[in-house]
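The following exercises concern a ligand and its surroundings, and then the sheets of the protein. Please attempt each task before reading its solution.

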Amino acid sequence: MTGVEERAELSVTGWGQADQPPALPNSARKWLQRELGWTPRTTPAESLASITTAATRLPDASSAALIEIVGDEHVRTDGPSRLRRGSGRSYLDLIRRRSGDVSGLPDVVVLPGSHDEVLAVLARCAEHDLAVVPYGGGTSVVGGLAGGAGEHRAVVTVDVSRLNTIDSIDAKSLMVTAGPGLRAPEFEARMARYGLTLGHFPQSYEFATLGGYAATRSAGQASTGYGRFDELVAAARLATPVGQWRVGRPPASAAGPDLLGLVLGSEGVFGVITELTLRVRPAPETKHYEGWSFRSLPRAFEGLRQLSRAGLLPDIARLSDPDETRANLTLSGSSKAGALQALLRARGHGGGCLLILGWEGDNDSVGVRRRAATSMLRRSEGTRLGRSVGQSWLANRYSGPYVRDALLDVGLLVETLETAASWTDLMDVYDATRSALIDLLSTADKKPLVMCHLSHVYPTGASLYFTVVADRDDDRPLQQWLLAKRAATDSLLSKGGVLTHHHAVGIAHAPWLAQEIGNLGVAVLHAVKDRLDPTGICNPGVLFGSP
Ligand SMILES: Cc1cc2nc3c(=O)[nH]c(=O)nc-3n(C[C@H](O)[C@H](O)[C@H](O)COP(=O)(O)OP(=O)(O)OC[C@H]3O[C@@H](n4cnc5c(N)ncnc54)[C@H](O)[C@@H]3O)c2cc1C
């Protein structure tokens, strides 16, 4: 078991560690100035060191009861411990913290060391009327950690980082049972020793945890090939206020509805996931990444749809729309990117779309799959750009959140939102979401940069992931984004998009949950919650919203 203090801590006001401040290159600054009509300014995050956090509301008797279960050193009411676990990492979270707003903190952070301790903590919290917020890596972007106390006396954050053991490796059956507190790099490093991989690589890979992935139904950059996280979970153990619940019977079972599906995506509202049995694979012998270009987005959508229909999808397929392609090539500032831009213009792909494809597996099958996909993409009028484009994407695959910090430091709004739609609706959902964001964030002399990529391809459709950069309204930054987000969500739903493809519901999407799953669907989830969490202490406000 790793000591939690040894891990790299995620900064409260940005990504990565506080001692790694990024800077925006001058060329990028000038380009953004022209694109957005933005006036560069310095808007650094306030230092939180001197800001006093609200006193804990945890009654002494409750504190003593929690200490009795997990020990004194694992019950923390000091300001820094509560601040560190007090929010996720959405734009709204970061803007609040960067302005020195330290409201909404849990009253206490508890770090249980076993499933039994989690069970005992939940039982005690129910007795003492304390809300419980499970905490994994703190990378939620939908307010999954920000539901608050609801009608309860105080908030107990249950940090699962000490539940970080690998309990069994069944290499024959390709199943590994592990604690929810493991971060993906720790898990992958252990798997590598056995020649195995999980294949889950979201952009939050460095800090998010296995439990968080399961609780939010995360999707990674290689999910087209390896599957979404919910497909990687074979079984789970949940600690609830009324006892433990084991769900999932690998390899497969037809004994009634799939109850594992109730735990995946439950965002802590039914209890705490304390153990996961994961489906792993042999680590790939070879990895081949390459770039492609298409003249237009509809042509590129069609190329991917054809691949999917023919069963020729690669493991990674990431298609940038024209604006994201242009921004990525320009902002990279490298001479290679400049040369690539010139090449694309020469081939009539100047306003086109860049596609990154990645194949992983054994040498023979990668070769066969790649050759077949290449022929098909050429028939769809794609142009192959070669391996260096793919390698460059691979080298920078986790850099986006660090760039976000640099943009926040100079007065910009930077946020993302995501959805998915059928092939039939995909273009309409793309157009409607983009228009809504541009309308809401434009003023007489300013316009936002709205970029999009498709990163998960299914036989029936694909995901869309929008990144928005705009001049921040310093007087009402939260309101500015909330209005844009609301308009975009209404628009994408009206055209057939899903409420969320992989970020989950949290508090941000809760107002639209009934629209997505129906009133009866919400009632069914409430009934499950009433059975598992009769006093409603588990993550109040999240998923269902506040009453
Ligand atoms: C920069 C950035 C990039 C991102 N990229 C991706 C991406 O590529 N793909 C993607 O899917 N998501 C992405 N996300 C979103 C986020 O990383 C995921 O939602 C991730 O699954 C959250 O994991 P976590 O361990 O950080 O969970 P947390 O943020 O700690 O918690 C998320 C939710 O799950 C609940 N929870 C956490 N652990 C447990 C548990 N053990 N039992 C029960 N409930 C629990 C929490 O209460 C909360 O509601 C990104 C976020 C950021 C900030």
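**Exercise 1.** How far is an oxygen atom of the ligand from a polar backbone atom of Gly212?

*Solution.* The model is a predicted one. In it, the distance between a polar backbone atom of Gly212 and an oxygen atom of the ligand is 3.3 Å. With a cut-off of 3.5 Å for a pair of N or O atoms, this pair qualifies as a polar contact.

**Exercise 2.** Identify further polar contacts of the ligand, and state how much of its area the protein covers.

*Solution.* Step 1: in the side chain of Thr139, an N or O atom is 2.6 Å from an oxygen atom of the ligand. Step 2: His502 contributes through its backbone, where an N or O atom lies 3.4 Å from a ligand oxygen. Step 3: on its own the ligand has 960 Å² of accessible area, and the protein covers 97% of this.

**Exercise 3.** Which elements give two or more residues to the shell around the ligand, and how is the shell composed by class?

*Solution.* Step 1: the ligand is surrounded by 34 residues, the closest being Pro134, Thr139, Ser204, Thr209 and Ala219. Step 2: two or more residues come from each of β3 (131–135), α7 (210–216) and β10. Step 3: α7 has the largest share, with five residues. Step 4: by class, 14 residues of the shell are nonpolar, 18 are polar and two are charged.

**Exercise 4.** Determine the strand order of the sheet that contains β3, and locate β3 in that order.

*Solution.* Step 1: the order is β1-β2-β4-β3, in an open sheet of four strands with mixed pairing. Step 2: β3 and β1 (75–76) are the edge strands, each pairing on one side only. Step 3: β3 runs parallel to β4 (residues 155–159), and five bridges join the two. Step 4: Pro134 has Val158 in β4 as its bridge partner. Pro134 is also one of the closest residues to the ligand.

**Exercise 5.** Why is one side of β5 and of β9 left without a neighbour in the sheet?

*Solution.* Step 1: β5 and β9 belong to an open, antiparallel sheet of five strands, ordered β5-β6-β10-β8-β9. Step 2: β5 (166–170) and β9 (243–247) stand at the edges and have a single partner strand each, so one side of each lacks a neighbour in the sheet. Step 3: from one strand to the next, the twist averages 10 degrees. Step 4: four bridges pair β5 with β6 (residues 175–178) in the antiparallel sense, and Ile169 stands opposite Val176 in β6. Step 5: helix α6 (residues 184–192) packs on this sheet, touching β5, β6 and β10 (272–279), and its direction makes about 40 degrees with that of β5.

How values were computed: Residues are numbered from 1 along each chain as its sequence is written. This is a predicted model: local features need pLDDT of at least 70, side-chain atom pairs count only at pLDDT 80 or more; totals for chains, interfaces and linings use all residues. Side-chain values use heavy atoms; hydrogens and water are left out. Two strands pair if DSSP finds at least two bridges between them. Axes are lines fitted to C-alpha atoms, for helices over the stretch in contact, and angles run from 0 to 180 degrees between N-to-C directions. Contact means heavy atoms within 4.5 Å. A residue is near a molecule or strand if one of its heavy atoms lies within 4 Å of it. A polar contact is a pair of N or O atoms within 3.5 Å; within protein, one must be able to donate a hydrogen and the other to accept it, and residues adjacent in sequence count only if both atoms are side-chain atoms. Accessible areas come from the Shrake-Rupley method with a 1.4 Å probe; for residues, only the protein chains shown count as cover. Ala, Val, Leu, Ile, Met, Phe, Trp, Tyr, Cys and Pro count as nonpolar, Asp, Glu, Lys and Arg as charged, and the others, Gly among them, as polar.
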